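Q: Hi! Could you walk me through this structure, starting with the words I'll need?

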Amino acid sequence: MSDPHFVDEVASELQTLFVGRVHRHLPECRSTNDEAAAWARRGAPEGALVTADTQTKGRGRLGRVWHSPLGESLYFSLVLRPRLAPHRLPPLTLVAGIAVAEAIESEGVAVELKWPNDLLISGRKVAGILTEMSCRGLSVEQVVLGIGVNLNVSKFPPELEKSATSLHSATGRRIDPARFTARLCGRLESLYRRFLAEGPAPLFPEWRRRATLFGRTVEVLTPEGRVRGVAEALDDEGALILRTNEGPIKIFAGEVVQVR
Ligand code: BTN
């Protein structure tokens, strides 16, 4: 993606009101999420977008490193300023997952959603979402929606070889990063506006029909410890319903670490 004209190329494809209308593209940074958060603190408007050719400290959930090779992937961080109480924010990551899935499907590939925020093609991770927020008093001050999509990666390091894939590997062709970015902005804007107006529940059927875990035995790492059970459903608040030996439980935050 090393392209000094990237911002103009995205702008020429953009069909949004605010998402991506203010856009900074960096040749290199530590993490586009850090850049977007710092920009938001300096007053970046809702919809401001940071992308980069590479990240030196790209991060995933649970402090994991996000593989960020130069010019082969999309590193995308969006500033949002929803007027919401912090506890109403977590479903936004799931809603963003639908937007990323739609952008990927527009390249002609089927994609699965793994609770809460992984996007998989044939069981291998193609994209992930890292949402970070800061609050002031009782309300959300700024949200950074960080999205990494393996667009044109042709070779992963050995430790990711079996678990990761790219859109290039899945389609056999090069994906145009500017077109993909503009399309993703469009899908995010439309779903974000519906999320603010209607809440997440009416959007979740689109998440559930791409869900990959239901009916499978999983182990989930939660803030309260590890739990095992059969993943049964996504409820209307975005929680994963797990059937354990002690009965059904709702998990609001966690990471699925094993699937059987
Ligand atoms: C995950 O699946 O664990 C989340 C991965 C999120 C990666 C993206 S790449 C753009 C943004 N900047 C980061 O440092 N992380 C997110």
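A: Sure! Helices (H or I, at least four residues) and strands (E, at least two) are DSSP runs, numbered from the N terminus. This is a predicted model, where local features need pLDDT of at least 70, side-chain atom pairs count only at pLDDT 80 or more, and totals for chains, interfaces and linings use all residues. Residues are numbered from 1 along each chain as its sequence is written, and side-chain values use heavy atoms, with hydrogens and water left out.

Q: Okay, where is L62?

A: L62 sits in the loop between β2 (49-52) and β3. This residue is not a glycine, yet its phi is positive, about 55 degrees. Most residues other than glycine have a negative phi, and most peptide bonds are trans.

Q: Which residues does the cis peptide bond join?

A: W115 and P116 are joined by a cis peptide bond, with omega about -5 degrees. You can find P116 in the loop between β4 (112-114) and β5 (118-121).

Q: New topic: which residues come nearest to the ligand?

A: Of the 20 residues around the ligand (near means that a heavy atom of the residue lies within 4 Å of it), S31, Q55, R59, R61 and K125 come nearest.

Q: What are the polar contacts there?

A: A polar contact is a pair of N or O atoms within 3.5 Å; within protein, one must be able to donate a hydrogen and the other to accept it, and residues adjacent in sequence count only if both atoms are side-chain atoms. Among them, a polar backbone atom of R59 is 2.7 Å from a nitrogen atom of the ligand. Taken alone, the ligand exposes 410 Å², and the protein buries 99% of that (areas come from the Shrake-Rupley method with a 1.4 Å probe; for residues, only the protein chains shown count as cover). The side chain of S31 has an N or O atom 2.8 Å from an oxygen atom of the ligand.

Q: Which element gives the largest share of the shell around the ligand?

A: That is β6, with four residues. At least two residues each come from α2 (32-41), β3 (74-80), β6 (124-136) and β7 (139-149).

Q: And how do α1 and α5 cross?

A: The axes of helix α1 (residues 6-13) and α5 come within 8 Å and cross at roughly 50 degrees. That makes α1 oblique to α5. Here axes are lines fitted to C-alpha atoms, for helices over the stretch in contact, and angles run from 0 to 180 degrees between N-to-C directions. Angles under 35 degrees count as roughly parallel, over 145 as roughly antiparallel, 65 to 115 as roughly perpendicular and the rest as oblique.
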